[in-house]
Amino acid sequence: MVLADTIYTRTLARAAEAQGSTQSLASLLRVPENTLLRWMSGRAQMPLQAFLKLIEVLADHEKKGADTTIEECKDGAPITVKMGELLARCAKCDGSELAATNGTSRLTFTSEVACRACGERVIYGDLVAQLAKDAVLHSRTLTAQRGRRQAAMLKSSPKLRALREKSMAEKKPLGEDAE
């Protein structure tokens with residue numbers, strides 16, 4: 001059922017598997033099943049808090065011995081973690097290539113990974129959670145920058161201001177003009 005192949009959709013698929021059904025996962029996340037299915041297909045962006053809850057749920061399952069493999073690692077191949085255009089980075093040296101330290105090819109949220117540049121170790125789930133938080137901050141920054149650019153354009157262009165004012169006047173509810 002997964003259409004988009006992102007860290008979000010892969011994590012949702014693993015969590016639904018761990019919970020036994022999408023209905024059970026939707027109940028755990030306190031969202032309608034249709035909303036969950038839109039997240040799983042990649043047609044809608046899931047909120048950060050829901051994603052962090054997924055990581056927590058999967059980590060708990062892993063600690064109980066369940067297999068929630070997120071990714072299979074090739075022998076010695078570097079691991080990179082992406083969300084959109086952002087890469088997870090080492091807190092110590094800013095490197096973006098990681099290596100599994102557990103001697104297995106299975107990567108789970110409780111797996112320890114190490115920066116290939118400096119050797120700094122971190123739990124994979126913690127790294128993914130931090131990247132998700134960074135992605136939200138990045139998105140908010142881009143939105144604020146876009147707003148400032150649009151405001152500057154409106155300020156410098158009388159023609160654009162007139163168009164905007166006309167558009168806003170057309171959106172007024174009935175009865176606002178009468179006094």
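1. Ser96 touches Ile79, Thr80, Leu87, Ala88 and Arg89, leaving aside residues up to four places away in sequence. This contact list belongs to a predicted model, and the points below should be read with that in mind. Ser96 itself sits in the loop between S3 and S4, and, with a relative accessibility of 18%, Ser96 counts as buried because the cut-off for that class is under 20%. A further distance places this residue relative to Pro78: the two C-alpha atoms are 9.2 Å apart, while 18 residues separate Ser96 and Pro78 along the chain.

2. Turning to charged pairs, how many salt bridges does a search of the whole structure find? The search returns 3 salt bridges, and they are taken one by one in the next three points.

3. The side chains of Glu97 and Arg116 form a salt bridge, with an N to O distance of 3.9 Å. This pair links distant parts of the chain, since Glu97 belongs to the loop between strand S3 (86-87) and strand S4 (98-100), whereas Arg116 belongs to the loop between strand S6 (112-115) and strand S7 (121-123), the two being 19 residues apart. Glu97 is partly exposed, at a relative accessible area of 39%, and Arg116 is also classed as partly exposed, at 40% relative accessibility. The loop between S3 and S4 thus holds both Glu97 and the buried Ser96 of the opening point.

4. A second salt bridge joins the side chains of Glu112 and Arg121, for which the N to O distance is 2.7 Å. Are these two residues buried or partly exposed? Glu112 has a relative accessibility of 29% and counts as partly exposed, and Arg121, at 49%, is likewise partly exposed, because exposed would require a value over 50%.

5. The remaining salt bridge connects Lys53 with Glu56, whose closest N and O atoms are 3.9 Å apart. Here the partners are 3 residues apart in helix H4 (residues 48-63), so about one helical turn separates Lys53 from Glu56. Lys53 is partly exposed at 30% relative accessibility, and Glu56 is partly exposed at 44%.

6. As for aromatic residues, the structure holds 2 aromatic pairs. In one of them, the ring centres of Phe109 and Tyr124 are 5.8 Å apart and the planes meet at 35°, so the pair is tilted. The pair brings together distant parts of the chain, with Phe109 in the loop between strand S5 (106-107) and S6, and Tyr124 in helix H5 (residues 124-156), at a separation of 15 residues.

7. Which class of accessibility applies to the two aromatic partners? Phe109 is buried, at 1% relative accessibility, and Tyr124 is buried as well, with a relative accessible area of 2%. The salt-bridge partners Glu97 and Arg116, by contrast, are partly exposed, at 39% and 40% respectively.

How values were computed:
Residues are numbered from 1 along each chain as its sequence is written. This is a predicted model: local features need pLDDT of at least 70, side-chain atom pairs count only at pLDDT 80 or more; totals for chains, interfaces and linings use all residues. Side-chain values use heavy atoms; hydrogens and water are left out. A salt bridge is a side-chain nitrogen of Lys or Arg within 4 Å of a carboxyl oxygen of Asp or Glu. Helices (H or I, at least four residues) and strands (E, at least two) are DSSP runs, numbered from the N terminus. Buried means under 20% relative accessible area, exposed over 50%, partly exposed in between (1.4 Å probe, protein chains only). Contact means heavy atoms within 4.5 Å. Rings of Phe, Tyr and Trp (its six-membered ring) pair if their centres lie within 6.5 Å; planes under 30 degrees apart count as stacked, over 60 as edge-to-face and the rest as tilted.
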